Structures are given as structure tokens and as C-alpha cells.
Amino acid sequence: MTQAVDVVVIGGGQSGLAAGYHLRRLGLDFVVLDAGATPGGAWQHTWDSLHLFSPAAYSSLPGRLMPPRPGETYPDAAHVVAYLTEYEQRYELPVVRPVRVTGVHRDGELLRVETDSGTWRARAVVSATGTWSRPFVPAIPGRADFRGAQLHTVVYENPAAFAGQKVIVVGGGNSGAQIAAELAHATHLTWVTLREPRYLADDIDGRALFDHATARRRALDEGRTDTGGVASLGDIVAVPPVRAARDAGLLKAQPMFDRMTTAGVAWADGTTAEADAIIWCTGFRPALSHLSPLGLRGARGRIPTTGTQAVDEPRLHLLGYGDWTGPASATLIGVGRPAREAVRAIASLLAGGSN
């Protein structure tokens, strides 16, 4: 089966839906291909206690405010899934699922999108697959020798499975801090980070982070000094559970270990720590394997872009992978602007204009 559309959006999570919203507004012919069986993107697969950093109104996609939930300042993941599901339905976005894209190929004046459910030919493609499907675990000497359990953030659910155990949490970002904070009450916890944890001020949440990312974008656009973005403020948002564990002295980070052993981990000075389980909160890499046939990868595995547009393939836009595809574009509220810019550029391309 082969189908033809103006635009194929790959990924039906928050970034793909934001692109779909703007494509719908401009009246373009498009389809959204989503590998998931149900709406909600990666939010369907997070750990049980995850909450947003921002109130609902500051966690919204373009065109539709996320409704608040009574008694809950920061929405949980289930609330986000419900919002994305309703958003998709409200704007009648043409999402086809489950469809897994296996490759995007040049095909004359078109791009050919091969999937496990047929082929689509398009005049432009928006890749919005995110990072959740590509968890990263560092190569540590002895890792294969460890006899305990090893898992990444993507499969962690809650502390119940680890009650009373010796657990090492690796990672100094938000996921590492949040998971360490809740495990600190139920396990014998060792929290390991590459550098001393940097907490943002307690009164900073997603609203302030978005404002800071926006200010950085404005400064760069105007040729002023780079403010350093959100990373200049710190690595960890002090959400209430993290703040409580930190203030109770339960979050004392150890430096990164040098190697793993059959029973745990070891540092260069001879110090060791036993573990029943190690949880890797070590981040993700962009899920871009479907774009490999285009041969666009540059330094650090990224595809060079100008804004969201691939430098060496102007028919391709990348959306929602991080600041390199738009400031704060991996967040609900932040993806709206780069999605709008990407769709405007696509509309210009399809109309035969310049970008």
C-alpha cells in the first residue's frame, strides 16, 4: 500500500501533535504516524509518581490550555495523557497507529517513508520521535559482571519492588533526583552523580524555566551574549518530594564510581558499595534511526539544523529533540513555537517560496 500526502509527521507525542495543530490550521494535507498503540506519547510509560514541573496552564500545547485538576498544582503523567488524547480528538488530527517507521528515503522530488504498514510519499517530513525509545547507559568497566538487577528510568515504576534493598541510583538530573528521593525512604540508597548536584532555587518551576529559555532565544536572535539557557540555573528542579528528601539529609550524592563488580561498584580509592539493583537515570539519545538512509548525521550523532530544518535536506524538519531543534522544544509549552516555525517553513517550501 502506497499513499501520498503533502506532509508526513513521524511521532504522535506532544511534538507531533503540535506540528499537526499548525498543519491543520494552514490546511495542508498531512498524516501523523505514531508507533504507540494509544495516544499520549512517552507520558504513558513514565514512573508512577512523576509530576510536571509547571501548573497545567503553563504545560499546554498551542490552541488548547491544559485544564487544571482540582487540588493538584502540578499535573501527573496520567493527566498529561488524558490531555494529549483530548487534544488529538479536539483538532481531529489524522493520527494513524500503531505504525512504525523503518526508513525515510529520497525519492526524486519526494521523500519516501517506509513503515511496517505500507509506504507514504510526501513533499516534506517532520520527525518528532523524541528520545524516550533510546535510553542511554554509559559504558562502565565491569558492567557485564554485576549480578544484581540493572534498569533504566524507562522501566522504573515505583519503590515497591526495591523495599529494603541496597539500591544505587546513577544520575544527577531531574529523573535521578526524583527517583532517588522516593527510594531514600524505602531502601538503603546510594545516589551517584558525575558532579555535585546543582539544585535550582526552590521557587523556580517550569514557568521560570520556559521564560529563561525564551529570553535566551531572544538574545541569540538579536546577536546578544548567550545567557546559557536553563542549564546555567542548575540541573535539578526542587519539586516538593526532592526538596523534602534533600532537607531531611537523605540526598547525599557520591561521585561517580570507576568500575562495577559482581556485587556492586568500586571507586579508584578502593571504596566499594554493594547493591542489589542499579538504576540508570542517565538520559536518552535522539531516536533518529529512521532517518539513517538520508545520511545526515553530524557531530555527536545529531543532524545539523537551521532552526528545525535539516541543513542538507530542506524537506526535513526535526522537532522536539532538545534545544538544538528549538529552545525548550522538548517541553509541552516550549514545542509550540518551533512547531509553528517548522510548519510555516514547510508551507513556504510547498508553495515554491524561499525559507
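Select Tyr21, Tyr83, Tyr87 and Tyr91 in this predicted model; these residues make up one aromatic cluster. Within the cluster, isolate Tyr21 and Tyr87, whose rings form a tilted pair with 6.3 Å between the centres and 40° between the planes. The word "tilted" applies because the angle is neither under 30 degrees nor over 60. Tyr21 belongs to helix H1 (residues 14-25) and Tyr87 to helix H2 (residues 77-90), so the pair ties together parts that are 66 residues apart in sequence. Colour both residues by accessibility: Tyr87 has 0% relative accessibility and counts as buried, and Tyr21, at 11%, is buried as well.

Next, select Tyr321 and Trp324. Here too the aromatic pair is tilted, with the centres 6.0 Å apart and an angle of 35° between the planes. Tyr321 has a relative accessible area of 7% and is buried; Trp324 has 17%, which also places it among the buried residues because the limit is 20%. In total, the structure contains nine aromatic pairs.

Two arginine side chains are the next stop. Display Arg285 together with Phe136: the charged end of Arg285 sits over the ring of Phe136, 3.8 Å from its centre. Then display Arg246 with Tyr199, where Arg246 lies over the face of the tyrosine at 5.2 Å from the ring centre.

Move now to Val335, in the loop that connects strand S17 (313-318) with helix H6 (336-350). Is Val335 buried or exposed? Its relative accessibility is 0%, so Val335 counts as buried. Which residues is Val335 in contact with, leaving aside its neighbours within four places in sequence? They are Gln14, Ser15, Ala18, Leu61, Leu319, Ala328 and Ser329. Add Leu17 to the selection and draw a distance between the C-alpha atoms: Val335 and Leu17 are 318 residues apart along the chain, yet these atoms are separated by 9.8 Å.

Keep Ala328 selected, as it is one of the contacts of Val335. Ala328 lies in the loop between S17 and H6. Its phi is near 60°, a positive value in a residue other than glycine. With 13% relative accessibility, Ala328 counts as buried.

For a second positive phi, go to Glu92, where the angle is near 50° and the residue is likewise not glycine. Glu92 is located in the loop between H2 and S3. In contrast to the buried Ala328, Glu92 counts as exposed, with a relative accessibility of 61%.

Continue along the backbone to Arg97 and Pro98. The peptide bond from Arg97 to Pro98 is cis, and its omega is near -10°. Pro98 is placed in the loop between strand S3 (95-96) and strand S4 (101-107).

Finally, zoom out and show the whole chain as a cartoon. Six helices and 17 strands can be traced. Of the 355 residues, 48% count as buried. Among contacts with a separation of 6 or more, 63% come from residues 24 or more positions apart. Switch to a surface representation to end the tour: the chain exposes about 16,200 Å², and carbon and sulfur atoms supply 51% of that area.

How values were computed
Residues numbered from 1 in each chain as written. Predicted model: local features only at pLDDT ≥ 70, side-chain atom pairs only at ≥ 80, totals over all residues. Heavy atoms only, no water. Phe/Tyr/Trp six-rings, centres within 6.5 Å; stacked < 30°, edge-to-face > 60°. Helix = DSSP H or I, 4+ residues; strand = E, 2+ residues; numbered from the N terminus. Buried < 20%, exposed > 50% of the residue type's maximum accessible area, 1.4 Å probe, protein only. Lys NZ or Arg CZ within 6 Å of the ring centre and 35° of its normal. Contact = heavy atoms within 4.5 Å. Areas by Shrake-Rupley, 256 points an atom, 1.4 Å probe, with all protein chains shown as cover.
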